[in-house]
Amino acid sequence: MEKGAVGFEPENLTQPNIPSTWKAVEALYDSSKARSIGVSNFSSKKFRDLLQVARVPPSVLQVECHPVWQQPKLHAFCEFKGIHNWVFTVGFARQW
């Protein structure tokens, strides 16, 4: 949020810089402060965009999954890329 902003109005929200954030996470991985790195709640597009700039790909993607929101294409993409897919829903979590 913008400094001094009140409320969650769209004009008060800032867009995250995912490439620079991921580079900082990769630095933690390189320094052995993290044994593995991953992301959560990424859409298919956001995840593909991350993989284009990532030197160290995420080892896990955590996403919501339930009968109404199954995201089969995202799960298949993760399986194809060898990335663990950890799904969650209210009161339940499992590795896909």
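Which residues in α2 meet which residues in α3? In this predicted model, S44, F47, R48 and L51 of α2 are in contact with L74, F77, C78 and K81 of α3. By class, this contact comprises five nonpolar, one polar and two charged residues.

**Geometry of the helix pair**

Helix α2 spans residues 44–53 and helix α3 spans residues 72–81. The two helices pack at an angle of about 20°, and their axes lie 10 Å apart. Because angles under 35 degrees count as roughly parallel, α2 and α3 are described as roughly parallel to each other. The crossing of α2 and α3 is left-handed.

**The two sides of α3**

The residues of α3 that are buried and those that are exposed on the face turned away from the buried side are set out below.

| Side of α3 | Residues |
|---|---|
| Buried | L74, H75, F77 and C78 |
| Exposed, on the face turned away from the buried side | P72, K73, E79 and F80 |

The buried residues of α3 are thus L74, H75, F77 and C78. Viewed down the axis of α3, these buried residues fall within an arc of 160°, so they line one face of the helix. The cover over the buried residues of α3 includes helix α2 together with β2 (60–64) and β3 (84–89). L74, F77 and C78, which are among the buried residues of α3, are also among the α3 residues that meet α2. On the face turned away from the buried side, the exposed residues are P72, K73, E79 and F80.

**The end of α3**

Just after α3, G82 adopts a positive phi of about 75°.

Terms used: Residues numbered from 1 in each chain as written. Predicted model: local features only at pLDDT ≥ 70, side-chain atom pairs only at ≥ 80, totals over all residues. Heavy atoms only, no water. Axes fitted to C-alpha atoms, helices over the stretch in contact; angles between N-to-C directions. Helix = DSSP H or I, 4+ residues; strand = E, 2+ residues; numbered from the N terminus. Parallel < 35°, antiparallel > 145°, perpendicular 65-115°, else oblique. Left-handed = near helix turned anticlockwise from the far one by under 90°. Contact = heavy atoms within 4.5 Å. Nonpolar A, V, L, I, M, F, W, Y, C, P; charged D, E, K, R; others polar. Buried < 20%, exposed > 50% of the residue type's maximum accessible area, 1.4 Å probe, protein only. Arc of directions from axis to C-beta.
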